[in-house]
2 protein chains.
Amino acid sequence: MKKTIITISREFGSGGRTVGKKLAEILGIDYYDKEIIEKVHDDTGFTKEFIEEQGEYSPTKNFFSYAFIGRDTNGISMNDYVWNAQRKVIIDVADKGPCVIVGRCADYILRNRSDVLNVFIRGDMETKAKRIVELYGETDDNPKKRLKDKDKKRAINYKYYTDREWGACQNYDLSINTSAVGIDGAVEIILDMLKRCEEQKD
Amino acid sequence: MKKTIITISREFGSGGRTVGKKLAEILGIDYYDKEIIEKVHDDTGFTKEFIEEQGEYSPTKNFFSYAFIGRDTNGISMNDYVWNAQRKVIIDVADKGPCVIVGRCADYILRNRSDVLNVFIRGDMETKAKRIVELYGETDDNPKKRLKDKDKKRAINYKYYTDREWGACQNYDLSINTSAVGIDGAVEIILDMLKRCEEQKD
């Protein structure tokens, strides 16, 4: 079956965002990443920095404390508001037509559509560490600790809102290690997969 | 970097074994699946049925009880004997040259080699359920329960001996959903990946 919407989940530093961007360019379809933040900002009035942080990351590295942070009298947290607004934006952009959506639990949010290809992009620790220092510079934390912390916060956010394990093969149609094939190699493999999905009888 | 050894981990019913067999045929390299059982049988004298069951599956669906089952006075269980013998066989066959190895924690056992491509093959529940009924016939258990039980026992065995999560993208270079692309589609994507790994500079 033809897949026209591609969700990209990615480890921090794996190059998943670049993979998504290149893929959208080659396919000539819309690309949503920061664009989702803009739309959520327009809908809610929250600052873009707040949405970027809360929309994908747990504010804590402890799953259980996440459940009790900053709830209002209805038991709804700021994160829940961002989640709901973001969820609506993702459903809307998918309804609009073919696109690539990076991160933000889009694989889960669009799970009932049959025209979605869910991709996970990962990398080996050494390659990712080198990449984030090149891209984002040095900080006091060593790069491997930054990678682990960031992915841990993504995993908690994902688990909290989807009740699924972030990075489990079971959630994705395709997972690729960019350390083995590079960014361009990963893009080509996704294009190959899309072609073969289209050829496949249901 | 060129990858000459391919390990295939797979969900029950996903067609991973067939993918591995076809891949080895096309590449003209050795294929190890039941062949490992034969070798462990020759080395240990355990029956083939026992090795097949103990070599990949936990005898229980509870991780903690697994740790206490059938230990001898040295604290070594029958499973540990099978694991050690199987581990040696896998290291030996990889040393012999290019091959495809299905299951049995080969991805973990060969983790320090740089010429190994680790692949995970999965499928959607409906396709897998249909497949196991066609291949193995009906039983008293419904097919979805059989799938879940079998994969759960594989996951416990894997966790016990590797301390890693079975089916986590982080352990594999490539993961493919055969329900989206079929068995032949999956084989072609692995061949594509191998070609791109070879082209990739380290």
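Let me start with Phe120(A), which sits in strand E4 of chain A, a strand that covers residues 116–122, and I should say at once that what we have on the screen is a predicted model. With a relative accessibility of 0%, Phe120(A) counts as buried, and if we set aside residues up to four places away in sequence, the residues that Phe120(A) touches include Ser9(A), Arg10(A) and Glu11(A), as well as Trp166(A), Gly167(A) and Tyr172(A). The list also takes in residues of chain B, namely Cys169(B) and Gln170(B). As for Gly97(A), it is 23 residues from Phe120(A) in sequence, and the C-alpha atoms of the two are 21 Å apart in space.

Let me turn to chain B, and to Ser9(B), which has its place in strand E1, residues 5–10 of that chain. Ser9(B) has a relative accessible area of 7%, which is under the 20% limit, and therefore counts as buried. Its contacts, again without residues up to four places away in sequence, are Asp107(B), Val119(B), Phe120(B), Ile121(B) and Tyr172(B).

Now to the aromatic rings, where the structure holds twelve pairs over all chains. Take Tyr160(A) and Tyr161(A): their ring centres are 4.9 Å apart and their planes stand at 90°, so this pair is edge-to-face. Of these two residues, Tyr160(A) is partly exposed at 25% relative accessibility, whereas Tyr161(A), at 13%, is buried. In chain B, the rings of Phe12(B) and Tyr136(B) have centres 5.6 Å apart and planes at 15°, so we call that pair stacked. The pair joins distant parts of the chain, since Phe12(B) lies in the loop between E1 and helix H1, Tyr136(B) belongs to helix H7, residues 125–136, and the two are 124 residues apart. Here Phe12(B) is buried, with a relative accessible area of 10%, while Tyr136(B) is partly exposed at 47%.

Going back to chain A, which residues do ring pairs link into a cluster? They are Trp83(A), Tyr160(A) and Tyr161(A), so two of them are the tyrosines of the edge-to-face pair that I have just described.

Finally, there are charged side chains over rings in chain A. Arg111(A) lies over the face of Tyr108(A), at 3.9 Å from the ring centre, and the charged end of Lys150(A) sits over the ring of Phe12(A), 5.1 Å from the centre of that ring.

Technical notes:
Residues numbered from 1 in each chain as written. Chains lettered and ligands numbered in written order. Predicted model: local features only at pLDDT ≥ 70, side-chain atom pairs only at ≥ 80, totals over all residues. Heavy atoms only, no water. Helix = DSSP H or I, 4+ residues; strand = E, 2+ residues; numbered from the N terminus. Buried < 20%, exposed > 50% of the residue type's maximum accessible area, 1.4 Å probe, protein only. Contact = heavy atoms within 4.5 Å. Phe/Tyr/Trp six-rings, centres within 6.5 Å; stacked < 30°, edge-to-face > 60°. Lys NZ or Arg CZ within 6 Å of the ring centre and 35° of its normal.
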